[in-house]
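Here are a few notes for a first reading, set out as numbered points. Please keep the sequence and the structure in view while going through them.

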Amino acid sequence: MAVAALGSAPRVKVAPWNDPVVRGWVFQIVVVGLVAALAWYLVSNTIDNLNRQKIASGFDYLGREAGFEIGDTMIAYSPASTYARAIWVGILNTLRVAVLGIILSTILGTLIGVGRLSPNWLLSKICEWYVEAFRNVPLLLWLFLFYKLISEAFPGPRQAISVLWQSVFLSNRGLYFPVPMADPIHKWMGVALLVGIAGAVALHRWAKKRQEATGQPFPSISTGFGVAIGLPLLVWLAAGAPSTMSWPQLKGFNFEGGTVIQPEFTALLVGLVLYTSAFVAEIVRSGILALHKGQSEAAAALGLSRGQAMRLVLLPQALRVIVPPMTSQYLNITKNSSLAIAIGYPDLVASINVTINQTGQAIENILLIMAAYLSVSLSISAFMNWYNKRIALTER
Amino acid sequence: MSDDAVPVGERRQLAPPVDDSGALGWMRRHLFSSWSNGITTVVLVVAIGWILSNFLEWAVFTANLTAATGSECRGGGACWALIREKYRYIFFGSFPYEQHWRPLFAVIAMLAMLVLSADRRMWNWRLLVIWGVGSFVTFLLMFGQIHIPLSLFLFVALAVGGIGMNLRKAIANTGEMNTYRALAAVGLVGLVLRIVGILPAWSLAIAPLSYVETSLWGGIPVTMILATYGLAFAFPYGVLLALGRRSNLPLIKGLCVGFIELIRGVPLISLLIMASVMLPLFLPSGTTIDKFLRAQVAVILFAGAYIAEVIRGGLQSLPKGQFEAADAMGLSYPQKTLLIILPQALRVVIPPLINTFIGFFKDTSLVLIIGIFDFLNTANQALVDPNWAGFPGEVYLFAAFIYFIFCFSMSRYSKYLEVELNKGTRR
Amino acid sequence: MAAKAARDLSNVASVIELRSVNKWFGQFHVLSDINLDVKEGEKIVICGPSGSGKSTLIRCINRLEEHQAGDIIVDGVTLSNDVKNIEAIRREVGMVFQSFNLFPHLTILDNLTLAPIWVKKTPKKEAEEIAMSLLNRVRIPEQALKYPGQLSGGQQQRVAIARALCMRPKIMLFDEPTSALDPEMVKEVLDVMIELAREGMTMLCVTHEMGFARAVADRVIFMDRGEIVEQNEPEEFFANPQNERTKLFLGQILHH
């Protein structure tokens, strides 16, 4: 029996105000319109107020002389430098604390998280109390406490505590220690390090191929590490082991020479790391607990050692659960570093704050802060989305 | 082959080997089960013993509770006398001394509101009553005098009328619907007249106590108000953001995503600085905004974005069938969302919401940057007194202890709720 | 399934010996004075109510659980805390779990070749050949490059059996292998197990599938409350249960 071809369904006439598509667009336009109206109201007020108070606009102020001192700088800076440079110093300081904070809190947090799962009851309880103590108290309070303890516990530079035969000095102005004087050999050591790392990677590849072919495993991680560290060391030895150092000397009221870790930086770093480790520990612990018990049993039943099971079966699965919340903790460290302003560490927010006070140009400076932090957070978000897509377990 | 000597089933149930049970057995299993375990235990016991004995020496055995000035307190153990001297200031700031009962009861009122809000049995009109009464009591106690403007009454009339008309369209009888219509009409007309200026700016004055302005507020009440009302106002706007982010309408979705990512991408400090510096620029010159209100607005904006993400997680966890069933029944979008979707989504996210609240409670400490006297700031100020200089450890440890009590209780309550809430859902 | 003829195993060596094995979970006596001898090539089915200790028993054999008293000797090696012993035993004993426990982040082929490469140090190519031949034996060679999440329950369990077989074990332990499967997939797994049995593998199987027991088992053991209550050849066991508890249990499970 021939089946009659189905014609297209007849279009029903719908009154525009009942059509969901039309409704949707009307609603959107209304909402956007309201938001735009609000924005226009705020902007026109702002322009009004700025004109009234004779505040300049634009970013030209960035080229002007800053006129304020910054205590802790990674690059050369003086009050004669421009605002732009002052802000750049702030950015570098923020990055310094954030990167170190991320690395250290990952390590400490992982140790505490794993410690919490230890069969030793005492260790597990201590880790639990650590986590509860740091999670339930504001970060700012810890920063104040550490900063006050550090700056009041140590004497002034003239009575500084010295260790290691007068080479390292501890005072309330910071920890001064000697550093090697700049030497041309350092450049070659840097090159050697890069070559060493490349060599370690190549070694790892070769070891993997060899294992696939013959089944014999090779300790590529430890040897690779040795190569990466050993090569620069060899270069240094070959150049006669130059070891002239810059020594900190007490001159007047403070030390000169060597390099210093200041109490503000220390307090901020210690506070950030201890605080964030508590959260990282919980993330690691829940990642490990999320693993189905049967996975470790199956690995054990197959004869895999604990280390092999951890590396090949458990860790890859745990990382899936761990990485997303971990990246948001990294983001938190970056944002929490802005608390530096409360204890006097000159980070980005501190620099911008002084700039606002001196130039009065709040809008431009706020935009700078937002641009800086947003670029970090958006790139971390993008990375997380990419990572999640890549490692998603393939399912039906 | 089974044992021939004792018939099956009559074998007495043996107790486990002696060294495996009881306290000794527990210690053996949990503390000394292997060489590394045993060494760890010994090292930890020694380390903790040393730390604890030194700390107790300082904090308890040589502590000074009775000194009258700072110099008396020096040299020795912890100076808890400082706390004894200054605890009222640390807790309540510069609020008039004799009237400290007011902020105390305000804090209790806010705690009561929060605890009751998490109880699902209250999730209906009762919630509005709780918050209405609680907020009224809180602000009456803190300010001493309240002037309720006419606009607020009109707004409430409009809201009740509008929501009632929409939600109870199918159920209510004509009498009830007419009440809603009347309320909405009165509210709308009244507000229009008020904005245009025909109706005067009348307000209901309630003034049983003396007026205390916000610059004198300090300590725990400030922290609680910022956190509680931050959460209270951020909650509806967070829900709207979450719904908007999941919407199919591209402009709405774009606006919501952009706003959420913007707020979540910058630190709270920058928002606080923005609020204190830029808000005066945004408003017509001459309008001054109370500094406390500026901080509160910043906290609300900040909290909303984070709450939106938590609620979005809850919405995502709902099975698609719920949305489809609601649509199939012919419910409109507001009805579907308010009656079916949100109650389920919100129930799921109560524990993470409480965690978010604990986070805000701690984050309010940042307002000290813009000069608001929250609990951490008052503790800080207690150190500034030259008579009592030099005891940061005591003050900060005390403040940490108080924060700990608040936050730890809240997280325990959240865990308790998690168990309670799952009782209904587990098979 | 055709009933199995009784075998005379009196001259065959024992591969598993349990002597007076006792285990407690806290105060709960979960294994009570277990004595068991498993000969090479013997197929044993263990049944019993839940909580009887049958899973615990076989998990003690490859040290997934620790027994507190008594001896367990597998292929001449006494089970103890010595890591070397445990590893040696686990190389000879394969296990199939109720919840399959395939590694979800690896392909089927990688699941199978993981242990041979890392434990037996087999070159990759050889390991893959063994894996493919076993996948052929369980009749799903086309799934080699898929992920466990893409397979049905029955297919996953067959892969799990192939994964255990890749290590060329002497003994196979099965812990309720079909209990988590939908009914229509139970047969495909049992078929694989029956084939394995017919090829001469020593098998210790905790299961409720009595048809399987009738087809391949040399002995059926009934456990209850931590004790071995009764054991016999399948025909005798099902036809003439001696103990009251055995009769009760059989009455409960055999009516459908």
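1. How many residues does the hairpin that joins S2(A) to S3(A) pass through? Please bear in mind while looking that this is a predicted model. The hairpin leads from S2(A) to S3(A) through two residues.

2. The two strands on either side of that hairpin are S2 of chain A, which covers residues 168-171, and S3 of chain A, which covers residues 174-177. They run antiparallel and are joined by three bridges, and within this pairing Ser171(A) stands opposite Gly174(A) of S3(A).

3. S2(A) has another partner to look at, since strand S1 of chain A, residues 161-163, pairs with S2(A) in the antiparallel sense, again over three bridges. In this pairing, Val163(A) is found opposite Val168(A), a residue of S2(A).

4. Turning to the surface, a nonpolar patch of about 660 Å² is made by Trp121(A) together with Leu24(B), Trp26(B), Met27(B), Phe32(B), Val42(B) and Val46(B). Two elements give two or more residues to this patch, namely helix H1 (22-30) and helix H2 (35-61), both of chain B, and the largest share, three residues, comes from H1(B).

5. Is Val42(B), one of the patch residues, buried, partly exposed or exposed? Val42(B) lies in helix H2 of chain B, and it counts as partly exposed because its relative accessibility is 48%, while partly exposed residues are those between the limits of under 20% for buried and over 50% for exposed.

Methods. Residues numbered from 1 in each chain as written. Chains lettered and ligands numbered in written order. Predicted model: local features only at pLDDT ≥ 70, side-chain atom pairs only at ≥ 80, totals over all residues. Heavy atoms only, no water. Pairing = 2+ DSSP bridges. Helix = DSSP H or I, 4+ residues; strand = E, 2+ residues; numbered from the N terminus. Patch = residues over 30% accessible without salt bridge, like charges linked within 9 Å, V, L, I, M, F, W, Y side chains within 5 Å. Areas by Shrake-Rupley, 256 points an atom, 1.4 Å probe, with all protein chains shown as cover. Salt bridge = Lys/Arg side-chain N within 4 Å of Asp/Glu carboxyl O. Buried < 20%, exposed > 50% of the residue type's maximum accessible area, 1.4 Å probe, protein only.
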